[in-house]
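The following exercises concern helix geometry and enclosed space. Each task is followed by a worked solution.

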Amino acid sequence: SFLQRRGAFRSGGDRVLLDEMMASAARMKRMLMDILDICLADTGKLQPRFDNVSLGDLARAAAKEMQPLGAVHDIGVVADCELDDDVAYVDSELVRRVITNLIDNGIKFAPEGTDVTTRLWGDADTARITVTNQGAPRGTAPARSANDRASRGLGLAFCELAVGLHGGKLAFDSPPTGGAVVSVTLPRRPG
């Protein structure tokens with residue numbers, strides 16, 4: 001950033017403050033983009049731009065983007081995306097933002113000193129992306145209405161919309177041992 005290049009933040013405390021400001025600004029930008037895209041989708045004007053894309057590259061880029069926010073909260077952000085054939089016909093920007101939103105949610109609910117991990121696997125027809133954290137055990141998260149967009153939060157509402165535009169599915173699991181697993185299943189090719 002401009003302030004970093006100018007050397008305005010020299011001490012460790014200043015650096016932490018700058019990291020927190022940068023992470024907050026990035027989160028705000030993501031929220032505004034989500035609001036705009038939800039409004040476009042509600043009016044039928046959101047048109048995905050499909051292309052053959054490496055999902056592993058998207059997941060690694062999303063993880064890299066979210067590492068500073070994770071570091072502010074002492075949360076590791078890991079991308080485990082070693083899949084030989086990871087190409088799918090998707091809108092790269094929408095899918096990257098889905099992954100980024102899911103990592104952001106993972107960080108919000110992960111205990112300090114743990115990781116949020118993005119994994120990728122699939123078969124010839126579908127690709128599956130999971131984002132996992134080690135947050136609160138089942139039953140400790142507030143209940144949400146399945147039919148109320150606002151109760152899911154802006155990020156998850158955007159994720160459901162974007163995944164749906166791809167003909168995919170979004171699923172949530174909360175293992176009894178704790179944590180959360182959010183899975184995105186996408187067709188590799190248009191249906």
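A cavity is a set of grid points where a 1.4 Å probe fits but cannot get out, and its lining residues have an atom within 4 Å of a point. The model examined here is predicted.

**Exercise 1.** Determine which residues line the largest cavity, and describe their class.

Solution. Begin with the count: one cavity of 30 Å³ or more is found. The volume of the largest cavity is about 30 Å³. Its lining consists of Val95, Val98, Ile129, Ala162, Val163, His166, Val184 and Leu186. Two or more of the lining residues come from each of helix H4 (92-109), H6 and strand E7 (180-187). Sorted by class, seven are nonpolar, one is polar and none is charged.

**Exercise 2.** Test whether the span of helix H6 (residues 154-165) agrees with 1.5 Å a residue.

Solution. H6 has twelve residues, so a span of 16 Å should result; the end C-alpha atoms lie 17 Å apart, in agreement. Next, consider burial: Ala162 and Val163 are among the buried residues of H6, as are Gly155 and Phe158. Finally, Gly167, just after H6, has a positive phi of about 75°.

**Exercise 3.** Establish where helix H3 (residues 55-72) bends, and by how much.

Solution. First, take the length: the 18 residues of H3 reach 26 Å between the first and last C-alpha, close to the 26 Å expected. Then locate the bend, which is about 40° at Met66, with the proline Pro68 following within four residues. Met66 is also one of the buried residues of H3, a list that includes Leu69 and Gly70. Just after H3, Asp74 adopts a positive phi of about 55°.

Key. Residues numbered from 1 in each chain as written. Predicted model: local features only at pLDDT ≥ 70, side-chain atom pairs only at ≥ 80, totals over all residues. Heavy atoms only, no water. Expected span 1.5 Å × (residues − 1). Bend = angle between axes of the 7 residues up to and from the residue. Buried < 20%, exposed > 50% of the residue type's maximum accessible area, 1.4 Å probe, protein only. 1 Å grid on protein atoms, 1.4 Å probe; cavity = no way out; pocket = protein on both sides within 12 Å on 5 of 7 lines; lining within 4 Å. Points joined across faces, edges and corners; volume = space filled by probe spheres on them. Nonpolar A, V, L, I, M, F, W, Y, C, P; charged D, E, K, R; others polar.
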